[in-house]
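Colleague: Please take one part of this model and walk me through it slowly, beginning with the salt bridges and then going on to the part of the fold that interests you most. I am in my first year, so please spell out each step.

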Amino acid sequence: MNYLIAIDIGTSSTRSVAFSTEGQLLCSKSVSYPIQSPQPGWQEQDPQSILDAVIKTVQKVVKSVGAAPIGISLSAAMHSLLAVDEQGEVLTPCIIWADNRSVEYAEELKNTELGKAIYRHTGTPIHPMSPLCKIAWLRDKQPEIFSKAYKFVGIKEYVLFHLFGQWRVDYSIASAMGMFDKQTLDWYAPALELAGITAARLPELVPPVFVLNPLKAEAAEELGLDSQTPFVIGASDGCLANLGALALEKGETVITLGTSAAIRMTTQASTYDEQERIFNYLLVEDLYIAGGASNNGGIVFQWFAEAFLRIDSKEKAFKSIKKIRKIPAGSEGLLFLPYLTGERAPVWDSKSKGVFFGVTKNHNKLHFQRAVLEGIFLNVLQIGKALEETVGSMETIYVNGGLAQIDILVQMLADIFGKAIHIQENEEGSAFGAFLMGMKALGLLGDFAEAKNMIRIQKTYMPDAVN
C-alpha cells in the first residue's frame with residue numbers, strides 16, 4: 001500500500017499518523033511526555049524524550065501498517081528554542097511557547113519603533129513566547145551557554161539534525177520566531193541585531209516542501225526505513241491545521257481546541273493589525289495564516305479538573321463535563337477570565353491572571369466548571385473579533401482538537417459565536433495538513449484544492465438563539 005506518515009510534534013505528545021495516498025487514515029500512534037517548570041514562569045521539555053517519541057511512533061506505525069511509507073512529512077509546535085553545540089548536543093532544555101522567562105525583554109521591546117517594525121516584517125507579536133526574546137534572555141542571563149551555542153533552533157530542527165545531520169528550518173516555523181521577514185523570505189537583520197546573533201547561528205531557511213535525505217545510516221536502521229525515504233520538512237502545526245481542514249478560501253475559519261486554543265483564517269496576502277492583536281505566519285509562499293493563539297485552552301480545564309474535581313485522568317475529566325448541562329448558559333452570572341498562564345492573543349500580557357467574578361452563595365461546583373469552559377471559549381471569541389476586524393468576516397467555521405470531541409462543548413462554542421460549527425470526519429488537523437504538504441512536495445498532489453474530496457463534514461452544530 002502506498003502511504004505517507006505525518007509526524008505531528010506537539011506540546012504534550014508526538015503522533016505519527018499513516019494516511020493512504022487517497023487520504024484514508026490507516027493508523028495513528030502517539031507517545032506523551034511531560035512539561036517541566038523548574039522555576040515560576042519557566043516551561044521546558046527534554047528534547048531527547050521528544051526525539052525518542054518521534055522514533056517510537058514511526059516504528060509503531062510501520063509495524064502496524066506492515067510496510068514502509070513512500071514518504072514522511074512533519075508538523076511541529078511553534079516558538080520552541082534550544083541552544084545546541086556543533087555536534088547537535090543540547091546546551092539548554094527545549095524552552096516551549098508557554099515559557100515566560102523573557103517577559104522583561106518583551107515588555108521593553110513592545111510599543112517601540114523597533115518592536116513595531118519587527119511585528120510588521122515578521123508577523124510575530126512581541127511576547128515572551130518568541131524565540132527572539134528568549135535568545136536575548138540567554139545572551140544576558142546565561143552568557144556562557146550563549147557564547148558556546150553553535151545554533152539556536154526549534155524542536156523540529158533538532159529532531160531533523162539527529163536524523164539527517166542538516167540544520168534546516170522551514171519558512172513556516174521560522175515565521176513564528178520573530179526574526180524572519182515573510183516578505184523577503186530571509187532573516188530580518190534588525191531582529192538578529194537585537195538578539196545579538198548573526199544568521200550563521202540559525203538554521204538554513206527552506207520552503208515547507210523541501211525534501212531531506214538520505215537518512216543517517218543509524219537513524220534509518222532505528223526507524224526501520226530505507227535511507228532514501230524522502231522526509232518533507234513541512235510547516236508549523238497552527239498553519240497546517242488550516243491546511244488540514246482545507247480552509248483556504250476567504251471567510252473559512254479554523255478553531256483548534258487542544259492544550260492551548262487558537263483561531264485562524266487563511267489569506268493570500270500578508271496582513272497587519274495596527275493593534276498587534278493577531279499573528280500572521282507563512283504557510284507556503286502564496287498563503288498566509290492570520291489568527292491568534294491563547295495559552296489557556298484545555299490546560300485550564302485540566303487544572304480545574306485536578307485541583308477542584310480531584311480528577312487526574314483526561315477520560316474521567318471529559319466524562320465529568322456532561323454534568324454541566326444542569327447549569328444554564330452564562331453560569332447564572334459567574335464569569336471566568338482564563339488567564340492562568342499569562343496570555344497571548346488578544347491581550348499579549350504574560351503577567352495577566354485568572355479571575356472568577358460574580359460569585360454568589362448560589363453557585364456550586366458545576367457553575368464553576370461551566371464558567372471555566374465558557375471563559376476559555378469567550379476568549380477565543382475575543383480573538384475571532386480581532387481577526388474579523390483585520391481580515392474579514394468568519395463565514396464557515398471548522399473546529400478540531402481534543403475538546404472538539406465533546407458534543408456539549410462544540411454546541412457551547414456555536415452558541416457563543418452565534419454561527420454554525422462544522423466537525424470534519426478527519427479530526428487529525430495538523431497531521432493531515434502535513435500529509436497534504438507531503439503529497440504536494442512529492443508530486444502526488446498538484447494544487448491543495450484537489451484534495452477537497454478527501455474531507456467531508458461529519459456533523460454541524462447550529463447555534464441555539466436562547467443560549
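Modeller: Let us begin with Lys116 and Glu276, whose side chains meet in a salt bridge with 3.9 Å from N to O; please keep in mind that this is a predicted model. Lys116 belongs to helix 3 (residues 113–122), while Glu276 sits in the loop between strand 16 (261–267) and strand 17 (279–284), so this pair ties together parts that are 160 residues apart in sequence. The two partners differ in their surroundings, since Lys116 is partly exposed at 26% relative accessibility, whereas Glu276 is buried with a relative accessible area of 3%.

A second pair can be read in the same manner: Lys459 and Asp407 form a salt bridge of 3.6 Å, N to O, through their side chains. Because Lys459 lies in strand 23 (residues 457–461) and Asp407 in helix 14 (residues 407–417), this pair ties together parts that are 52 residues apart in sequence. Here both ends are partly exposed, Lys459 with a relative accessible area of 39% and Asp407 with 38%. There is also a network, in which salt bridges with shared partners join Glu44, Asp99 and Arg101. Within this network, the side chains of Asp99 and Arg101 meet at 2.9 Å, N to O, and Asp99 is buried with a relative accessible area of 1%. Arg101, with 11%, is buried as well, because the word is used for anything under 20%. A search of the whole structure finds 14 salt bridges, including those just described.

Now to the part I would like to examine closely, which is strand 5 and the sheet around it. All six residues of strand 5 (residues 71–76) are buried, so this strand is largely enclosed by the rest of the structure. In a regular strand, side chains alternate between the two faces of the sheet. In strand 5, Gly71, Ser73 and Ser75 point one way, while Ile72, Leu74 and Ala76 point the other way.

What lies on either side of strand 5 in the sheet order? The open sheet has six strands in the order 3-2-1-5-14-13, with mixed pairing, so that strand 5 stands between strand 1 and strand 14. Strand 3 (25–32) and strand 13 (211–212) are at the edges, and each has a single partner strand, so one side of each is left without a neighbour in the sheet. Strand 1 (residues 3–9) runs parallel to strand 5 and is joined to it by six bridges, with Ile7 opposite Leu74. Strand 14 (residues 231–236) also pairs with strand 5 in the parallel sense, over four bridges, and Ser75 has Ala235 as its bridge partner there. Strand 13, by contrast, pairs with strand 14 in the antiparallel sense over two bridges, and Val211 has Val232 of strand 14 as its bridge partner.

Helix 10 (residues 237–244) packs on this sheet, where it touches strand 1, strand 5 and strand 14, and its direction makes about 100 degrees with that of strand 14. Helix 15 (residues 430–441) lies across strand 1, strand 2 (13–20), strand 5, strand 13 and strand 14, and runs at about 130 degrees to strand 1. Strand 5 is therefore a good place to see how burial looks in detail, as six of its six residues are buried while helix 10 and helix 15 each meet it.

How values were computed. Residues numbered from 1 in each chain as written. Predicted model: local features only at pLDDT ≥ 70, side-chain atom pairs only at ≥ 80, totals over all residues. Heavy atoms only, no water. Buried < 20%, exposed > 50% of the residue type's maximum accessible area, 1.4 Å probe, protein only. Pairing = 2+ DSSP bridges. Contact = heavy atoms within 4.5 Å. Axes fitted to C-alpha atoms, helices over the stretch in contact; angles between N-to-C directions. Salt bridge = Lys/Arg side-chain N within 4 Å of Asp/Glu carboxyl O.
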